[in-house]
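User: I'd like to practise reading helix packing and burial in a model. Can you walk me through one?

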Amino acid sequence: FFDGVFGEGKARYETAGYLGKGERMWLLANMTNNDPIEILPGDEINKYLLLTNDFTGSYSVIGSFTPIRVVCNNTLTVAVRDIIKGGNTVRVKHIGDVADRLNFAGKVLAQAGVFYDEVKDLFQTFAKKQLNGEQTRTYIHRSLFDDNKETKSRTKKVDEVEGLMHTGRGSDIVGVRGTVWGAYNALTEYVDHHKVYRGGATKRLEASQFGTGRHLKKKALTIGAEMVSYGKEIELN
């Protein structure tokens with residue numbers, strides 16, 4: 001099916017898995033084709049497509065555009081429709097016949113260019129926005145939790161994410177530290193590589209793409225976009 005979307009040999013299939021007992025299958029394909037997106041010199045993201053196929057008849061076939069940062073393999077996923085025009089998802093009810101496959105492929109290829117152009121603009125804007133210490137901690141706290149309550153365990157998690165802004169993968173790239181881009185990537189690194197999920201390491205990718213981690217990254221992206229005026233601007237001080 002993917003060869004039919006991209007052309008044979010045009011996409012590299014890197015990871016696959018299933019949800020539940022196999023009711024839904026997913027496949028992650030690298031569609032960068034030697035054309036990564038540069039956010040800062042030496043800091044690039046690759047273009048991926050996450051395909052999810054349902055075998056119960058309850059869901060559509062879903063293709064989700066999923067930017068992945070090269071230096072740390074963070075999945076910068078979950079584009080919010082209000083932030084990225086058209087969103088990051090293409091759906092089709094079935095892929096059983098040629099007409100449906102061509103329809104899905106056409107939507108994917110048409111929307112991919114628009115989506116990734118806007119992602120580039122958004123993330124480069126993240127890299128231009130400086131944060132002070134208090135703003136950074138507030139951003140992290142709001143991304144991780146649904147209220148302003150302070151506890152020792154919450155403070156520990158905020159400390160852990162803040163630490164990744166200075167020691168995390170790619171934090172040494174010029175222009176990353178002290179910016180919304182740096183804070184956002186510290187959060188995504190925490191979600192993808194450090195946060196403990198029920199079910200252990202075998203459930204990490206599933207939770208990152210479809211569960212709790214997906215929700216946290218959506219919040220981090222939304223708040224970051226508001227901070228750089230991609231949405232309703234909020235005060236973080």
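Analyst: Sure, let's start with one helix pair. Keep in mind that this is a predicted model. Helices α3 and α7 pack at an angle of about 140°, and their axes are 8 Å apart.

User: Which class does that angle put α3 and α7 in, relative to each other?

Analyst: The general idea is that an angle has to be over 145 degrees to count as roughly antiparallel. At about 140°, α3 and α7 are therefore oblique to each other. As for handedness, α3 passes α7 in a right-handed crossing.

User: Which residues of α3 and α7 meet there?

Analyst: On the α3 side you have Y139, R142, S143 and L144, and they meet L216, K219, A220, I223, G224 and M227 of α7. Sorted by class, the residues of the α3 contact with α7 come out as 6 nonpolar, 2 polar and 2 charged.

User: OK, now α7 on its own. How many residues does α7 have, and how far does it reach from its first C-alpha to its last?

Analyst: To read a helix's length, set its end-to-end reach beside the span expected at 1.5 Å a residue. Helix α7 covers residues 212–227, so count 16 residues; its reach is 23 Å, close to the expected 22 Å. Just after α7, S229 takes a positive phi of about 70°.

User: Which residues of α7 are buried?

Analyst: The cut-off to hold on to is that buried means under 20% relative accessible area. In α7 the buried set is G213, L216, K217, K219, A220, L221, I223, G224, A225, E226 and M227. Notice that the list includes the lysines K217 and K219 and the glutamate E226.

User: And T212, where is it found, and how does its accessible area read?

Analyst: T212 is in helix α7 too, but with a relative accessible area of 45% T212 is partly exposed. You can also look at T212 by distance: T212 and Y197 are 15 residues apart in sequence, and their C-alpha atoms are 8.5 Å apart in space.

User: Let's try another partner of α7. At what angle do α5 and α7 pack?

Analyst: Helix α5, residues 180–194, packs with α7 at about 175°, with the axes 10 Å apart. Angles over 145 degrees count as roughly antiparallel, and α5 and α7 are therefore roughly antiparallel to each other. From α5 come V180, Y184, L187, T188, V191 and D192, which meet G213, L216, K217, A220, L221, G224 and M227 of α7. That contact of α5 with α7 divides into 8 nonpolar, 3 polar and 2 charged residues.

User: Back to α3. What do its buried residues pack against?

Analyst: Size comes before packing here: α3 has 12 residues and reaches 17 Å between its first and last C-alpha, close to the 16 Å expected. Its buried residues are Q135, T136, Y139, I140, H141, S143 and L144. The buried residues of α3 pack against α4, α5 and α7.

User: How does α3 cross α4?

Analyst: Helix α3 (residues 133–144) and helix α4 (residues 152–167) have axes that come within 10 Å and cross at roughly 120°. That makes α3 oblique to α4, and α3 passes α4 in a right-handed crossing. The contact uses T136, R137, I140, H141 and L144 of α3, with R154, T155, K157, V158, D159, V161, E162 and M165 of α4. By class, the α3 contact with α4 holds 5 nonpolar, 3 polar and 5 charged residues.

User: Take R154 from that list. Is R154 buried or exposed?

Analyst: R154, which lies in helix α4, is buried, with a relative accessible area of 16%. To see what surrounds it, set aside neighbours within four places in sequence: R154 is then in contact with H141, F145, D147, N148 and K149.

User: Zooming out, how many helices and strands does the protein have?

Analyst: There are 7 helices and 6 strands, in the order α-β-β-β-β-β-β-α-α-α-α-α-α along the sequence. Buried residues make up 48% of the 237 residues. One case in the strands is T52, placed in strand β4 (residues 43–54), and T52 is buried at a relative accessible area of 6%.

Technical notes:
Residues numbered from 1 in each chain as written. Predicted model: local features only at pLDDT ≥ 70, side-chain atom pairs only at ≥ 80, totals over all residues. Heavy atoms only, no water. Helix = DSSP H or I, 4+ residues; strand = E, 2+ residues; numbered from the N terminus. Buried < 20%, exposed > 50% of the residue type's maximum accessible area, 1.4 Å probe, protein only. Axes fitted to C-alpha atoms, helices over the stretch in contact; angles between N-to-C directions. Parallel < 35°, antiparallel > 145°, perpendicular 65-115°, else oblique. Left-handed = near helix turned anticlockwise from the far one by under 90°. Contact = heavy atoms within 4.5 Å. Nonpolar A, V, L, I, M, F, W, Y, C, P; charged D, E, K, R; others polar.
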